[in-house]
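Here is a short briefing for a first look at this protein. Keep the structure in view while reading.

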Amino acid sequence: LCFFLFAARLPPSGALAAPASTDGLTIQQFFANKKPPKIVTICGSQRRGSFNKILHDNAVEELTKMGAIVDEIDLHALDLPLFNQDDEAESFPMMAKVLKSKLVDADGIFITSPEYNGFTTPLLLNAITWATRGEGDMYAGFKGKCATIMATSPGAMGGLRMIRSLTQLLQDMGTTVVPGSNAIGKATAVFDAVDRIIIDERTRQKVVTACGNLMEYCRYQANREEDCAIAKAILQESCLGEYGKVDTPN
């Protein structure tokens with residue numbers, strides 16, 4: 001979708017400042033002088049020794065190597081209260097505003113999370129809920145963004161059901177979820193919990209591929225024209241269940 005939008009808004013004059021000739025250029029060379037994408041990363045687990053946090057941290061390292069501006073969001077540090085409309089109306093959490101602002105400013109989102117009964121964690125779901133409230137459009141932090149979801153677990157399925165359910169949630173909010181085989185099973189055999197590294201080469205390549213795919217989408221997202229009519233139309237389109245701006249006290 002991002003590539004299509006990028007291509008669709010490229011004017012005949014080549015106003016995107018592409019090289020005079022792209023023959024023989026790699027994607028990295030083409031984007032060398034262009035704006036690096038901003039990617040927010042989130043781990044849905046704050047458990048000590050979490051395999052998903054190890055997966056997250058290794059992905060952050062790869063995204064940084066690829067040239068992304070990475071903004072890691074620590075859900076534990078945000079210390080968001082369990083969402084309820086009384087808090088929203090009477091004392092909207094400052095950190096919820098910060099979270100939404102970071103998401104709005106990003107080109108892409110990278111998420112890792114364990115699976116709880118086929119869904120993501122209450123910690124992450126609560127943060128997503130707060131990020132759809134407050135000033136501005138309900139889904140401003142998600143609509144038009146690109147996202148990659150990964151998961152791991154000691155079991156063979158690796159959190160696959162969580163990826164599917166969270167994919168549906170993000171898509172309903174207007175996010176383009178990058179496809180891929182991103183569930184990693186048998187976590188105890190592929191991660192070193194002490195050194196916090198990936199010790200299985202196949203798993204390492206899966207992480208590199210997932211990060212590379214997200215980067216490819218986000219590079220185009222970051223370098224779209226500011227006055228792109230197609231992008232504006234997407235952002236103005238209502239998503240499933242969206243009801244517009246939510247007004248809260250300052």
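**Starting point: V98**

V98 is partly exposed, at 27% relative accessible area, because buried means under 20% and exposed over 50%. The residue belongs to helix α6, which covers residues 94-105. V98 and L78 are 20 residues apart in sequence. In space, their C-alpha atoms are 8.9 Å apart. This is a predicted model, so every value here is computed from predicted atoms.

**Overall build**

- The protein has 250 residues, and 45% of them count as buried.
- Its secondary structure comprises 11 helices and 8 strands.
- Take the contacts with a separation of 6 or more: 80% of them come from residues 24 or more positions apart.
- The accessible surface is about 12900 Å².
- Carbon and sulfur atoms hold 54% of that surface.

**Aromatic pairs**

- There are 3 aromatic pairs in the structure.
- One of them joins F83 and W130, with 4.8 Å from centre to centre.
- The planes of F83 and W130 are 80° apart, and the pair is edge-to-face because the cut-off for that class is over 60 degrees.
- This pair links distant parts of the chain, since F83 and W130 are 47 residues apart.
- F83 sits in the loop between α4 (75-78) and α5 (85-90).
- W130 sits in helix α7, residues 122-131.
- F83 counts as partly exposed, at 23% relative accessibility.
- W130 is buried, with a relative accessible area of 0%.
- Ring pairs also bring in F92, giving a cluster of F83, F92 and W130.

**Salt bridges**

The structure holds 9 salt bridges. Three pairs are described here, followed by a network.

*D71 and K102*

- The side chains of D71 and K102 form a salt bridge of 3.0 Å, N to O.
- The two residues come from distant parts of the chain, 31 residues apart.
- D71 is in strand β2, residues 69-73, while K102 is in helix α6.
- D71 counts as partly exposed at 27% relative accessibility.
- K102 also counts as partly exposed, at 31%.

*R133 and E88*

- A salt bridge joins the side chains of R133 and E88 at 2.9 Å, N to O.
- This pair, too, links distant parts of the chain, with the two positions 45 residues apart.
- R133 lies in the loop between α7 and β4 (146-152), and E88 lies in helix α5.
- Are these two residues buried or exposed? Both R133 and E88 are buried.

*E201 and R204*

- E201 and R204 meet through their side chains in a salt bridge of 3.1 Å, N to O.
- Both residues lie in helix α10, which runs over residues 201-222.
- They are 3 residues apart, about one turn of the helix.
- E201 is partly exposed, with a relative accessible area of 44%.
- R204 counts as partly exposed at 32% relative accessibility.

*A network*

- K53, D57 and R196 form one network, joined by salt bridges that share partners.

**A buried serine**

- S113 lies in the loop between β3 (108-112) and α7.
- The residue is buried, with a relative accessible area of 0%.
- Which residues does S113 touch, not counting those up to four places away in sequence?
- S113 touches G44, N52, T120, T121, L124, M150, A151 and M162.

**The cavity**

- The count comes to 1 cavity of 30 Å³ or more.
- The volume of the largest cavity is about 50 Å³.
- Which residues line the largest cavity? They are I42, L75, L99, L103, I109, I111, L124, A127, I128, A131 and F142.
- Three elements, α6, β3 and α7, each supply at least two lining residues.
- Helix α7 gives the largest share of the lining, with 4 residues.

**Elements to find again**

- Helix α6 holds V98 and K102, and supplies at least two residues of the cavity lining.
- Helix α7 holds W130 of the edge-to-face pair and gives the cavity lining its largest share.
- L124 lines the largest cavity and is among the residues that S113 touches.

Key: Residues numbered from 1 in each chain as written. Predicted model: local features only at pLDDT ≥ 70, side-chain atom pairs only at ≥ 80, totals over all residues. Heavy atoms only, no water. Phe/Tyr/Trp six-rings, centres within 6.5 Å; stacked < 30°, edge-to-face > 60°. Buried < 20%, exposed > 50% of the residue type's maximum accessible area, 1.4 Å probe, protein only. Contact = heavy atoms within 4.5 Å. Areas by Shrake-Rupley, 256 points an atom, 1.4 Å probe, with all protein chains shown as cover. Salt bridge = Lys/Arg side-chain N within 4 Å of Asp/Glu carboxyl O. 1 Å grid on protein atoms, 1.4 Å probe; cavity = no way out; pocket = protein on both sides within 12 Å on 5 of 7 lines; lining within 4 Å. Points joined across faces, edges and corners; volume = space filled by probe spheres on them.
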